[in-house]
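Please look through the model shown here with its packing in mind, beginning at one contact list in the interior and moving outwards to the pockets.

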Amino acid sequence: MKLADQITAFRLPAALTVLAVLVLWESVQPFFPLFGHGPQSVRDRVVHGMKNIAIGLVNVILVRFGFLGVWIAAMDWSREHGVGVLHWAPLPGATGWIVAILLLDGWTYAWHRLNHIVPGLWRFHRLHHSDRHMDATTASRFHLGEIALSSIARVPLLALIGCSVEQFAVYEVALLAVVQFQHANVGLPDRLDRLLRVVIVTPHLHKVHHSVVVAEQNTNFSSLFSWWDRLARTLRLSPDQTAIVFGVDDAPSVR
């Protein structure tokens, strides 16, 4: 089996497993009553989730057959020619892994922030924010244009970082799991959320980011590790999460 196929074969089951756990959690103990109650609410929730998942599956196909091979080629080229930060300054064992994952996640923060600043990028990214009922399936709701542009930008990035395919794969799996978690319609006890958000992005932080209020949308850009927002002074907490309304200015949430 080719390495690209191995990565896909592992990543997809991992993503589906995390999604299933989060959907069950949302069903048992939802933070917001996004779809109300009764049979109609179940239908609405299923339709909403299937639409988001369908968008995500299209994006998975694009990445798998359009970009994954190119990413691997860029990392192989970087290794063979000694190009990239991690080849210019080789680091032993775990240190190299830590630096690789930090560089990848630092870029993810920067790219996310650019999607809110650059009008052309926001035109695509707003589809993600327009979801009026944010839940775990919203993590799959990204415009095909955004996925294509971010995938293209990753080609020179991966060569410049000089990370290995294994380091990249581990980062991708961790990122996907945390991104699904932070979008889930769940709430954590305050003490636990405070503890977790020292390191990773929690549902509390990301609910603020999906607020219809632009000043709140333009905060909490971190995707895996939360400290980028602290370093860049873009971190924002909400004193009352129950007051948050999801969506963009022309598509507010109705609750």
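Leaving aside its neighbours within four places in sequence, Leu158 is in contact (heavy atoms within 4.5 Å) with Trp71, Met75, Leu104, Cys163 and Phe168. This is a predicted model, in which local features need pLDDT of at least 70 and side-chain atom pairs count only at pLDDT 80 or more, while totals for chains, interfaces and linings use all residues. Residues are numbered from 1 along each chain as its sequence is written, and side-chain values use heavy atoms, with hydrogens and water left out.

Leu158 and those five partners reappear in the largest nonpolar core, where, of 36 residues, Trp71, Met75, Leu104, Leu158, Cys163 and Phe168 touch the most other members. A nonpolar core is here a set of buried Ala, Val, Leu, Ile, Met, Phe, Trp, Tyr and Cys residues joined through side-chain atoms within 4.5 Å, and buried means under 20% relative accessible area, as against over 50% for exposed and in between for partly exposed (1.4 Å probe, protein chains only). H1, H2, H4, H6 and H7 each supply at least two residues of this core, helices being DSSP runs of H or I with at least four residues, numbered from the N terminus; H7 gives the most, with seven residues. Apart from this core lies another, of seven residues, including Leu34, Phe35, Val208 and Phe246.

Ser78, in helix H2, is also buried, with a relative accessible area of 0%. A polar atom of the Ser78 side chain lies 2.3 Å from the backbone oxygen of Val83. Neighbours within four places in sequence aside, Ser78 is in contact with Val83, Gly84, His87, Ala159 and Gly162.

Turning to open space, the largest pocket has a volume of about 1200 Å³. On a 1 Å grid over the protein atoms alone, a pocket is an open set of points where a 1.4 Å probe fits, with protein on both sides within 12 Å along at least five of seven lines, and lining residues have an atom within 4 Å of a point. Its lining has 42 residues, of which Arg11, Ala139, Phe142, Ile147 and Leu176 lie nearest the centre, and H2 provides the largest share, nine residues.

The second largest pocket has a volume of about 290 Å³. Of the 15 residues that line this second pocket, Glu26, Pro30, Phe35, Gly36 and Arg45 are the closest to its centre, and here too the largest share, four residues, comes from H2.

Methods
Grid points are joined across faces, edges and corners, and a volume is the space filled by probe spheres set on the points. A polar contact is a pair of N or O atoms within 3.5 Å; within protein, one must be able to donate a hydrogen and the other to accept it, and residues adjacent in sequence count only if both atoms are side-chain atoms.
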